[in-house]
Amino acid sequence: MSLRGASRLWITAAALVGFALPTGAQYQGEINTNKNTPQLRAVGVFEWTGDQDHPKNSRLVPVCIYDGQELQDASVYMARPAPLALDSDVEYQLMKDGRPIGLFDISSAANQLGMWIGLGAWKPLPKPKGAPAQIAKIDADNDAQSDVPILHRKQHADDPGANATPPDPDRPTLHKDGDASNSGAADSSSSGTAANSSPPDPDRPVLHPTPDSSSASSSDSGSTKKQKKNGDDDSSYVENVTVSSDPNRPHLFRGKASGFDAPLQPSLVGLPPDMRQAVAVSDAVSRPLHVWDYTWANPADQATMKADMEDLARTALGLTPPPAPTLKKPVPKSAPAHKATRLTLPSPAPLLDEQFHVFELAYGSGATMVLSAHTDESNGPMKFVTLVAQPDLYGNVAILLKNVTDATHLDDTPRMKLIDAVDAKADNRGELLFELRGATQRQFALYRVLRGDITRIFLTSAQTIAIAAPNQ
């Protein structure tokens, strides 16, 4: 993935050199001061409601930061008090199956119900610029000596205006309103007086103040965000935090600030049923895209694997009906032969909110399948299942991970909701990013699938959720 031009989000670790962490900092861990430390890479989850191109409410939840050696919890990494991953002007690229779908610029960080989130503006991907039109140049000096027809008309001596005198530079000219500043500047340079003799009133109010992003101080930035906060009636339970002015604090290099002055999107509160999620990645290095879609050699294999995993999911949820008992009756020899009756099998139990994904997490690694679903509440508490599997050598489904829980035990065994595949360590290998959602808390976890085994390599700290609804 790459963030080109001025709109790229740079995350650098160069400022880590000689950086001393004061007592009482929230980051727990050792800071690598090696000059050859690779640049940081941040991963988050973008959550929104409404249309993807025009989100109604949105927020960015930081997940992890890779510092070149380990995955750090992005919600506490370099937090003073806001975490480093939510610094102002940081830009994240939103991904779906390894393909970019949009951009999100952080303009402020907020602590919402004990959970750090990023507020900002969603932006569409920049359109590719077309090649500039080539304009043919004509050599006017050789026109008279050339017999090739030309498109432009030559100027002759008898044409009106051919021998006109050049314009007088001292002749006064009229300017439009937009040129008043230029004309005033010209008159000022020649005569020593400006067109408008009175200086601008510094106390005069303006409609849309635009702070200079290259020279604005942290206090000016904080006051601007405070004004936005007071004018936003929808961002309840949100407290904006001013930007830190520590010169030694490592930062995510500023991207394009074109959307910085846009009004903040109202933040989400809780977990509404229509909330959607996508992976968000911020990196300093432009990397080639790695699409995670798996291409089957035989398209029919995908339908077969999906049907087998659905049967395993029904078995895990207890939806497989027991086989009907068969009664054998003795048949008299003199009885006439009857036609065989065809038994009708019952239709399989439905799987609600079924999600089936197939990934190729590394080039040539084969298919990694993820299926999740839940039952209804007609026969008791709602049950949830998530399966991660791969095809074995014989074409059967080999289960690598099985998560089964119900609505009454979510605090003990949270349900697993797949977000997407993401390359968290920038090693060209994808990990599965899950949300572990309980009744009152949630966490995010990264799982790596390697050599027919699955391992959890990262887990965030627990976050309190406002609305506890098991069916969300």
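Strand β14 contributes six residues to the lining of the largest pocket, which is the largest share of that lining. The structure is a predicted model, and the pocket described here holds about 680 Å³ of space. Its lining is made up of 32 residues, and those lying nearest the centre are Met275, Gln277, Gln355, Lys417 and Leu418. Two or more lining residues come from each of β9 (276-283), β10, β11, β12 and β14 (415-422). In character, the lining divides into 14 nonpolar, 10 polar and eight charged residues.

Three of the strands named above, β10, β11 and β12, also belong to an open sheet of four strands, whose order is β10-β11-β12-β13 and whose pairing is antiparallel. At the edges of this sheet stand β10 (352-359) and β13 (397-406), each of which pairs on one side only. On average, and with direction ignored, neighbouring strands of the sheet are turned by 10 degrees against each other. Helix α3, which spans residues 299-317, lies across β10, β11, β12 and β13 and runs at about 140 degrees to β12.

Two pairings within the sheet can be set side by side, each with one bridge partner.

| Strand pair | Sense | Bridges | One partner pair |
|---|---|---|---|
| β11 (368-374) and β12 (383-391) | antiparallel | six | valine 370 and valine 388 |
| β12 and β13 | antiparallel | nine | glutamine 390 and alanine 398 |

Strand β12 thus takes part in both pairings, with β11 through six bridges and with β13 through nine. The hairpin of β12 and β13 has five residues between its strands, and in this hairpin glycine 395 takes a positive phi near 80 degrees.

Elsewhere in the chain, the loop between β4 (71-73) and β5 (91-96) deserves a separate look, and proline 81 is placed in it. Most residues other than glycine have a negative phi, and most peptide bonds are trans. Against that background, the peptide bond from arginine 80 to proline 81 is cis, with omega near -15 degrees. Aspartate 89 is placed in the loop between β4 and β5 as well, and although aspartate 89 is not a glycine, its phi is positive, at about 75 degrees.

How far does confidence reach across the model, and what share of the residues scores at least 70? The average pLDDT of the protein is 74, and 56% of the residues score at least 70. Over residues 1-30 the pLDDT is below 50, and this stretch has 92 contacts in the model beyond near neighbours in sequence. Residues 204-237 likewise have a pLDDT below 50, and for this stretch the model shows 29 contacts beyond near neighbours in sequence. Where pLDDT is low, the predicted coordinates should not be read in detail.

Notes: Residues are numbered from 1 along each chain as its sequence is written. This is a predicted model: local features need pLDDT of at least 70, side-chain atom pairs count only at pLDDT 80 or more; totals for chains, interfaces and linings use all residues. Side-chain values use heavy atoms; hydrogens and water are left out. pLDDT is the predictor's confidence in each residue, from 0 to 100. Contact means heavy atoms within 4.5 Å. Two strands pair if DSSP finds at least two bridges between them. Axes are lines fitted to C-alpha atoms, for helices over the stretch in contact, and angles run from 0 to 180 degrees between N-to-C directions. On a 1 Å grid over the protein atoms alone, a cavity is a set of points where a 1.4 Å probe fits but cannot get out, and a pocket is an open set with protein on both sides within 12 Å along at least five of seven lines; lining residues have an atom within 4 Å of a point. Grid points are joined across faces, edges and corners, and a volume is the space filled by probe spheres set on the points. Ala, Val, Leu, Ile, Met, Phe, Trp, Tyr, Cys and Pro count as nonpolar, Asp, Glu, Lys and Arg as charged, and the others, Gly among them, as polar.
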